[in-house]
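I have opened my notebook beside a structure I had not looked at before. Come along as I jot down what I looked up.

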Amino acid sequence: MELLNTVLLTVSITLMYSSPLIFTSLGGVITQRAGVDNIGLEGMMAFGACGAAVVGYFTANPWTGLLVGALFGGFLAFLHAFISVTAKGNQIISGIAINFIGLGVGIFITRRLFNGAAQSSTVPNGIPKVMDLLGLDKTESRLLQSAEFDVTVIFGFLFAFLIWFILYKTKTGLRVRACGEHPGAADTLGVNVTLIRYICTTLSGVMAGLGGGITALSIAYRFTPTVISGQGFIALAAVIFGNWKPIGATLACLLFGFAQALTVILGGVPWMPSEILKMLPYVLTLLVLMVFVERSTPPRALGQPYFKGQS
Amino acid sequence: MKRKLFCLLLVLVLMLTFVVSCGQKDDKTKGKKVAMITDIGGINDESFNQSAWNGMLRLEKEGVEISFLESAKEADYKTNLDRKTEEKPDLIWGIGFMMADAVADASKAHKDQLYAIIDVGYPDGELPNAVGAMFHSEESSFLVGYIAGHMTKTDHVGFILGMEGDVMFRFQYGYLAGVAYAAKELGKEIKVDCVTINTFGDTAVGKATATKMYSDGADIVYHAAGQAGSGAITAAKELGKWVIGVDLDQSPLAPDNVLTSALKNVDQAVYGLSKKVFDGEQVGGKTFFFGLKDGGVGIPETSSKHVPKEILDKTKEVEKKIIDGTITCPITEEEFKAWKEKLG
């Protein structure tokens, strides 16, 4: 019983921690597969978290909030697409700028709407939980309480599968990957590189916005300047860790969530110093990287703007 | 060209965000002048900056000329301190331990300007023109621990600590002592889970840690972990458990689940210490502690919503005993062990 409870708790904490990461890193996979680097995921998450929390607060509907969060993230990513694809600017610099803008404008918006406060008020309704939706009464059952998780986790896995399917089993996916490997060749064959890169980059922002929105609406229940503190970068690492594959990135996010869950489950054990525990996720990540992951190969044209006619 | 223009635009947007978010306001009334520099939260942060500003507003009612500058980022501390120093007010407040170094530097550079800072105690006499204001957080933590001890139905409570350190241990050992005191009164054992999460910002870790504590059987969790601790509040909300807030009355975050909060009344410290300066007291180089006695810490009125009256009355008794010195609150592990032995 005790063991089962611990296992369930570990699973649910893993899912809670990794679901925003999964969404965001899937976004990262899409855009990088199309050849556009996006290190602005952190800022897009923050901006999405702001949109989701603000709208979630005023409409009391988490789904409207999440939708607006996705739009907020998509808006920033569209900006990034403009700089990277049309203006052919440096994608790293643009990404850094977007990290600042996302958080900065997010705080600016909350200050306007919440009487000068840098954080939003608490949203009345968070993202629904699976057990609640199933109508299970968990007040009496400790196991059900431990096993509870957000319904968005399921969407995360669905998205991972969907994106894998599109990228590897459809013509569209082939075109997207071609834009990331050799845009010149793709262009010769009549693929609209500009359009595909625009769409993929914007989608990455939509996914990051969803990730940020989920963080705001299911973990913090509001927007604060620190609600997104590094998740965007972890998701970015998960993209590379997962070898630019949707399923790989998802597994990487789960691994990271699991490591975080372990620190929590082992927390409070007297013989374990909390500082060592805090390092656990990173040590575990390095170990897995050394032992299991084959050489990761980025898309060949990643980060390079495409000039028409270039071979 | 297009690209350059766009980059320029980006930079402009960025600058605008910072400029707009650090507005400035100067009020002119008679008498003494006190200025305050906020840290990144700004004066409406629903946290200690706002509380400090409320203390300033109380001074204004007494004819003091008050003003403030908001810091949008850490680099602003120094500039803001310098700007205010040029106005030569009687006292400049820096709000929060983040400004410790900036205030120390400013006080070394401007020997004739008096500075004060919240949550920092410089070594005695090291900076003759800087004064620290700190809080007896162990006293308020003792009170909430006492309430938790009386309210727990599972004889099991939890405590989440943001970061280890002398200032933070006051929360932990004050709370442990309060719980132990209540347990002694009730003649039972109460288990306390203590976990340090090493973050003040990561809400997810705070939430997961609290969820684990509740799952292990704790029915009340007290957090001293800033934003990370607000995750403990959402966990309590989702699971229908009790949680105890910190620094401010956190009941608005989850009115049905926040049992009480261990308040830190920064306004009281700002007001009290400023008055000392106006009274001509030599405060430079010293550190002042604010506790239950002078209203520097405490528990909010809203506690009566969930805590039964008889327990609150008992808590009032305990408060009196702490104030008159009958009960001393431990602030380190050694002190706590000795304290507990004495309790029996």
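My entries below go from chain B as a whole, through its domains and its meeting with chain A, to one helix of chain A.

**Entry 1: chain B as a whole.** I note before anything else that this is a predicted model. I looked up the secondary structure of chain B and found 11 helices and 13 strands. Next I checked how compact the chain is. Its radius of gyration is 22 Å, and the globule rule gives 20 Å for 344 residues; these are close, so chain B is as compact as a globular protein of that length. I also took the spans of its C-alpha trace along the principal axes, and they come to about 70 × 60 × 35 Å.

**Entry 2: packing in chain B.** I looked up burial and learned that 52% of the 344 residues in chain B are buried. Then I turned to contacts between residues at least 6 apart in sequence: of these, 68% join residues at least 24 apart.

**Entry 3: the domains of chain B.** The domain assignment gives me domain 1 as 23-136 + 266-290, and domain 2 as 137-263 + 298-343. Their centres, taken over C-alpha atoms, are separated by 30 Å. I find 5 residues of domain 1 in contact with 5 residues of domain 2. On the domain 1 side, I sort the touching residues into 2 nonpolar, 2 polar and 1 charged.

**Entry 4: where the chains meet.** How many residues of chain B are in contact with chain A? I find 39 of them, in contact with 43 residues of chain A. Helix 1 (2-21), strand 8 (191-196), helix 7 (203-215) and helix 8 (226-239) of chain B each supply at least two residues to this side. Helix 1 of chain B gives the most, with 10 residues. By type, the chain B side holds 14 nonpolar, 17 polar and 8 charged residues.

**Entry 5: helix 1 of chain A.** I wanted to know whether the length of this helix fits its residue count. Helix 1 of chain A runs over residues 2-33, and at 1.5 Å a residue its 32 residues should span 46 Å; I find the end C-alpha atoms 44 Å apart, which agrees. Where does helix 1 of chain A kink? I find a kink of about 40 degrees at S18(A), shortly before the proline P20(A). The helix is mostly covered, with 23 of its 32 residues buried. Just after helix 1 of chain A, I come to G35(A), which takes a positive phi of about 100 degrees.

Methods:
Residues are numbered from 1 along each chain as its sequence is written. Chains are lettered from A and ligands numbered from 1 in the order in which they are written. This is a predicted model: local features need pLDDT of at least 70, side-chain atom pairs count only at pLDDT 80 or more; totals for chains, interfaces and linings use all residues. Two residues are in contact if their C-beta atoms, placed from the backbone, lie within 7 Å. Helices (H or I, at least four residues) and strands (E, at least two) are DSSP runs, numbered from the N terminus. Ala, Val, Leu, Ile, Met, Phe, Trp, Tyr, Cys and Pro count as nonpolar, Asp, Glu, Lys and Arg as charged, and the others, Gly among them, as polar. Domain bounds come from an automatic or database domain assignment. The radius of gyration is taken over C-alpha atoms; the globule rule is 2.2 Å times the number of residues to the power 0.38. A residue is buried if 20 or more other C-beta atoms lie within 10 Å of its own, exposed if 12 or fewer, and partly exposed in between; C-beta atoms are placed from the backbone. The expected span of a helix is 1.5 Å times one less than its number of residues. The bend at a residue is the angle between axes fitted to the seven residues ending there and the seven starting there.
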